[in-house]
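Visitor: I would like a close look at a single part of this model, the surface that faces one of the DNA strands. Please take that surface and then connect it to the rest of the assembly.

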Protein chains: 2
Amino acid sequence: MLSKKTQYGLKALGYLAANFGEGPVLISEIAKKKKIPIKFLENILLQLKTNGILQSKKGKGGGYFLADNPKKTTLAAAMRIIEGPIALLPCVSLNFYEKCKDCDEKTCGLKKVMISTRDATLKILEKKTIADLIDAI
Amino acid sequence: MLSKKTQYGLKALGYLAANFGEGPVLISEIAKKKKIPIKFLENILLQLKTNGILQSKKGKGGGYFLADNPKKTTLAAAMRIIEGPIALLPCVSLNFYEKCKDCDEKTCGLKKVMISTRDATLKILEKKTIADLIDAI
DNA sequence: AATTACTCTACTGTTTCAATAGAGTATAAA
DNA sequence: TTTATACTCTATTGAAACAGTAGAGTAATT
């Protein structure tokens, strides 16, 4: 399951995608519309900025906005920043790989299955973008 | 990411699948072969027994064994017992659904994507069984 | 100068995770 | 019927992660 942090982050990105091209959006506005604790949201947005997905402007008329067209940022990219690995096990993670001590990765049956699962998940998350997070209506 | 508990549980099931039809297997044997802390493994196996996947026999010549042919138990079933939900959000879980407060599930863009992801994952995990967890060689 | 709004570090309470302890019960064989 | 074996069950513990908060600081605008 995704952490609350990731859930909030994705919702915020969806809101910023919906407002793309309309200038900076206040943290407080995102927090209110998406019902996210504001101080928590501050941390999340800052992290997304540090990792290049968001940009910001300080002072009056400031706020956060997407660094690029919403269709350019995949969900996989966003989730890796906030949540970390997408794979179900460290030994099958592409971006957060950790060697499996206590088992032979060449023969491990579990690993094979988890690779299939990872690929199925990534096929979706590498194709979908934060533009797909925009709410209906 | 899956918890250690789930990882251990699946490995143990793989071992029992490999030894299906050959009588009870000692917890200590599984623990040793799969390098799982034995007391931790006890809890896990008991939980799998309570939920019908395993059976056991006490006393000398006792141990754990699969309740049914390994091909009959899907990974989804096993994982739901040990780990809980397979979906990435409670509001898209089939077996552990929780209503999403603070958002309208009918219009939520995030929910749509998470349903796709869930379905892609389940397509694998509902088809693969613990027979697929048997190690090569 | 005053106001606005993001920035950054640190902290806190709660929950989950991972593992362990130890007494209890059932079974089988000698 | 005793003994050894092996699963059963509840409780506990330390560490880490999670979720959220606090507050001082910096930059930009008017």
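Guide: This is a predicted model. The surface near DNA strand C draws on both protein chains: helix H3 (38–50) and strand S2 (63–66) of chain A, and helix H1 (4–18) and helix H3 (38–50) of chain B, each supply at least two residues. In total, 23 residues surround DNA strand C, and the closest are Gly63(A), Ser3(B), Pro37(B), Lys39(B) and Gly59(B). By class, this surface has 9 charged, 8 polar and 6 nonpolar residues.

The other DNA strand can be set beside it. Around DNA strand D there are 23 residues, of which Ser3(A), Lys4(A), Pro37(A), Gly59(A) and Gly63(B) come nearest. The elements that give two or more residues here are helix H1 (4–18) and H3 of chain A, together with H3 and S2 of chain B. The surface near DNA strand D divides into 6 nonpolar, 8 polar and 9 charged residues.

The relation between the two protein chains comes next. A turn of 180° with a shift of 0.0 Å along the axis lays chain B on chain A with an RMSD of 0.0 Å. The two copies are therefore related as by a two-fold rotation axis. The same surface serves both copies, since 100% of the contact residues of chain B recur in chain A.

Gly59(B), one of the closest residues to DNA strand C, belongs to a hairpin. Strand S1 (residues 54–57) of chain B and strand S2 (residues 63–66) of chain B pair in the antiparallel sense over 4 bridges. Leu54(B) has Leu66(B) in S2(B) as its bridge partner. The hairpin has 5 residues between the strands, and Gly59(B) takes a positive phi near 75°.

Chain A has a hairpin of S1(A) and S2(A), with 5 residues between the strands and, in the turn, Gly59(A) at a positive phi of about 75°. Strand S1 (residues 54–57) of chain A is joined to S2(A) by 4 bridges, and the two run antiparallel. Within this pair, Gln55(A) stands opposite Phe65(A) in S2(A). In a regular strand, side chains alternate between the two faces of the sheet.

Helix H1 of chain B, which supplies at least two residues near DNA strand C, also leads to the interior. The largest nonpolar core has 74 residues, and those that touch the most other members are Ala12(A), Leu41(A), Ala12(B) and Leu41(B). Leaving out residues up to four places away in sequence, Ala12(B) touches Ile30(B), Lys34(B), Ile36(B), Leu41(B), Ile44(B) and Leu45(B).

The contact between the chains can be followed from there. 31 residues of chain B are in contact with 31 residues of chain A. H1 and helix H5 (109–125) of chain B each supply at least two residues of the side of chain B that touches chain A. H5(B) gives the most to that side, with 10 residues. By class, the residues of that side are 17 nonpolar, 7 polar and 7 charged.

Chain A supplies the overall frame. Chain A contains 5 helices and 2 strands, in the order α-α-α-β-β-α-α along the sequence. The C-alpha trace of chain A spans about 60 × 25 × 25 Å along its principal axes. Of the 137 residues of chain A, 38% count as buried. Among contacts in chain A with a separation of 6 or more, 62% are between residues 24 or more positions apart.

Two residues of chain A serve as examples away from the hairpin. Met114(A) lies in helix H5 (residues 109–125) of chain A. Because 22 other C-beta atoms lie within 10 Å, Met114(A) is buried. Apart from neighbours within four places in sequence, Met114(A) is in contact with Ala87(A), Leu88(A), Leu89(A) and Val92(A). Met114(A) and Ile27(A) are 87 residues apart in sequence and 38 Å apart in space, C-alpha to C-alpha.

Ala131(A) is in the segment after H5 of chain A. With 18 other C-beta atoms within 10 Å, Ala131(A) is partly exposed. Apart from neighbours within four places in sequence, Ala131(A) is in contact with Ala17(A), Pro70(A) and Lys71(A). Ala131(A) and Tyr15(A) are 116 residues apart in sequence, with 9.3 Å between them in space, C-alpha to C-alpha.

Key:
Residues are numbered from 1 along each chain as its sequence is written. Chains are lettered from A and ligands numbered from 1 in the order in which they are written. This is a predicted model: local features need pLDDT of at least 70, side-chain atom pairs count only at pLDDT 80 or more; totals for chains, interfaces and linings use all residues. A nonpolar core is a set of buried Ala, Val, Leu, Ile, Met, Phe, Trp, Tyr and Cys residues joined through C-beta atoms within 7 Å. A residue is buried if 20 or more other C-beta atoms lie within 10 Å of its own, exposed if 12 or fewer, and partly exposed in between; C-beta atoms are placed from the backbone. Two residues are in contact if their C-beta atoms, placed from the backbone, lie within 7 Å. A residue is near a molecule or strand if its C-beta atom, placed from the backbone, lies within 6 Å of it. Ala, Val, Leu, Ile, Met, Phe, Trp, Tyr, Cys and Pro count as nonpolar, Asp, Glu, Lys and Arg as charged, and the others, Gly among them, as polar. Two strands pair if DSSP finds at least two bridges between them. Copies are superposed by least squares on the C-alpha atoms of residues with pLDDT of at least 70 in both.
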